[in-house]
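Reader: I am new to this structure. Please take one part of it, look at it closely, and then work outward from there.

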Amino acid sequence: MNFDEVIDRHGTHSVKWDMMEKIYGVPADDGIAMWVADMDFRPPAAIQRALQGMLDHGIYGYYGDDASYRAAIGWWMQTRHGWSIEPEWIFTTHGLVNGTAMCVDTWTEPGDGVVLFTPVYHAFAKVIKANNRRVVECPMVIRDGRYEMDFDSYDAILDGSEKMVILCSPHNPGGRVWSRVELEQVADFAKRHDLVLVSDEIHHDLVMPGQTHTPMALIEGVSDRLVMMSATTKTFNIAGSHSGNVIIADEALRAQFGARMAGLGMSPNSFGLVMAEAAYSPEGAEWVDALCAYLDGNRQVFDEGVNAIPGLHSMKLESTYLAWVDFEGTGMSRDEFTRRVEETARIAANHGPTFGSGGENFLRFNLATPRSLVSEAVERLQAAFGDLQ
């Protein structure tokens with residue numbers, strides 16, 4: 001668990017590092033990649049051993065008998081989240097962007113509205129639009145330095161053509177861990193407007209010390225319209241396995257989703273299943289606990305340094321490793337503060353507008369990297385905005 005080790009990812013087909021210069025113009029030789037949401041840490045040794053076992057065996061045939069894989073998922077959800085699931089509830093998709101697209105495809109028709117609480121993870125809007133559905137934005141408000149949902153205004157926005165709402169829990173990019181009361185409000189909203197509720201909980205393991213994530217599945221009265229999504233990929237830094245789980249308790253919804261999966265001939269790859277089973281283990285749990293403590297340290301270093309720059313504010317993270325920084329107080333245009341980050345500080349960060357309404361004055365920074373790089377990024381940002389000191 002040496003999270004301080006700097007691992008050179010250049011030339012490894014890493015989207016995060018090898019595409020940085022092409023997409024952001026940040027030079028590959030000394031730029032810092034803080035955009036794509038994967039980590040610069042090796043996963044738990046249990047995963048490496050599982051993969052080595054596959055290599056040693058040397059035959060990569062079709063995967064069968066997934067009982068132990070499903071049991072590992074069930075064990076993790078029960079022990080880490082207090083959520084009891086049945087093995088037959090689990091579908092494995094090619095990651096959760098694919099899982100989201102599958103949900104949109106299964107329960108909506110072209111032209112239907114899909115509700116998003118914005119700003120929110122940019123891939124949601126992409127797959128909604130790619131499926132010829134409409135994105136219905138319900139903008140969140142910032143109160144006391146964190147995002148909250150405003151359901152009174154949302155009821156007026158909807159016109160009855162909406163069929164689904166997608167919740168990001170915990171929230172990306174704002175890092176909120178939603179309270180039980182807030183989750184109950186989301187459930188009531190979904191029932192009030194007769195919406196299928198898709199809860200993307202891919203960041204549910206990455207919570208800061210003192211915070212507790214509540215699965216939407218533990219909220220009463222919503223199971224007949226609820227679709228849960230989770231994955232090992234974000235938690236354990238194995239996104240390249242493209243493996244995610246759509247977990248559905250309701251029998252009718254499960255039959256509909258299963259039929260769509262079968263119709264598309266979809267099945268998971270064996271590497272993703274082997275890695276997930278190894279991850280969801282006591283050894284994996286110990287690694288996650290150490291990781292969250294380390295990420296909290298990175299958060300403190302980043303927030304202290306960035307919030308010392310006049311006009312900048314980093315929203316305090318309750319979960320995830322994605323810092324959401326507001327540049328509005330600088331008085332600069334979006335082009336100007338983005339130019340300073342990319343050209344002067346030589347840092348690649350996600351542009352706020354891609355997350356929808358409310359993101360216009362923000363950039364998102366990935367803190368899941370060795371602390372030395374986080375400290376270097378802070379120093380570069382302080383220099384880039386030095387005239388504000």
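Author: Start with Asp 194, which lies in the loop between H8 and strand S8 (196-200). Helices (H or I, at least four residues) and strands (E, at least two) are DSSP runs, numbered from the N terminus. The model is predicted, so local features need pLDDT of at least 70 and side-chain atom pairs count only at pLDDT 80 or more, while totals for chains, interfaces and linings use all residues. Residues are numbered from 1 along each chain as its sequence is written, and side-chain values use heavy atoms, with hydrogens and water left out.

Asp 194 is not a glycine, yet its phi is positive, at about 50 degrees. Its relative accessible area is 56%, so Asp 194 is exposed. The classes are buried (under 20% relative accessible area), exposed (over 50%) and partly exposed (in between), with a 1.4 Å probe and protein chains only. Asn 237 also has a positive phi without being a glycine, here near 60 degrees. Asn 237 sits in the loop between helix H9 (232-236) and strand S10 (244-247). With a relative accessible area of 16%, Asn 237 is buried.

On the other side of H8 is the loop that runs between strand S7 (162-168) and helix H8 (180-192), and Pro 170 belongs to it. The peptide bond from Ser 169 to Pro 170 is cis, with omega near -5 degrees. Pro 173 is also in the loop between S7 and H8. A cis peptide bond joins Pro 173 to Asn 172, and its omega is about 20 degrees.

Next, the cysteines. Searching the whole structure for disulfides (pairs of cysteine sulfur atoms within 2.5 Å) gives 0. Cys 138 is in none, and the nearest cysteine sulfur to its own, that of Cys 168, is 15 Å away. Cys 168 is likewise in no disulfide, the nearest cysteine sulfur being that of Cys 103, 14 Å away. Cys 138 counts as buried because its relative accessibility is 0%, and Cys 168 counts as buried at 4%.

The interior comes next. A nonpolar core is a set of buried Ala, Val, Leu, Ile, Met, Phe, Trp, Tyr and Cys residues joined through side-chain atoms within 4.5 Å. The largest such core has 89 residues, and the members that touch the most others are Phe 117, Phe 302, Phe 365, Leu 381 and Phe 385. Helix H12 (residues 282-307) gives this core its largest share, 9 residues. Another core, of 26 residues, lies apart from it and includes Leu 96, Leu 116, Phe 124 and Met 229. In soluble globular proteins, nonpolar side chains tend to be buried together.

Phe 302 can be followed further. Contact means heavy atoms within 4.5 Å. Beyond its neighbours within four places in sequence, Phe 302 is in contact with eight residues listed by place, among them Ser 314, Ala 323, Phe 365, Val 378 and Leu 381.

Helix H11 (residues 270-279) is largely enclosed by the rest of the structure, because 7 of its 10 residues are buried. The buried residues of H11 include Gly 272, Leu 273, Met 275 and Ala 276. They pack against helix H3 (45-57), helix H4 (67-81), strand S2 (90-93), H9 and H12.

Last come the charged pairs. A salt bridge is a side-chain nitrogen of Lys or Arg within 4 Å of a carboxyl oxygen of Asp or Glu, and the structure holds 25 of them. One joins Glu 343 and Arg 339, whose closest N and O atoms are 3.8 Å apart. The two are 4 residues apart in helix H13 (residues 334-344), so about one helical turn separates them. Arg 340 and Asp 387 meet in another salt bridge, at 2.7 Å from N to O. This pair ties together parts that are 47 residues apart in sequence, because Arg 340 lies in helix H13 and Asp 387 in the segment after helix H14 (371-384). Arg 340 counts as buried at 12% relative accessibility, whereas Asp 387 is exposed at 55%.

In H14 itself, Arg 380 and Glu 376 form a salt bridge of 2.8 Å, N to O. They are 4 residues apart, and therefore about one helical turn separates them. Salt bridges that share partners join Glu 336, Arg 339, Arg 340, Glu 343 and Asp 387 into one network.
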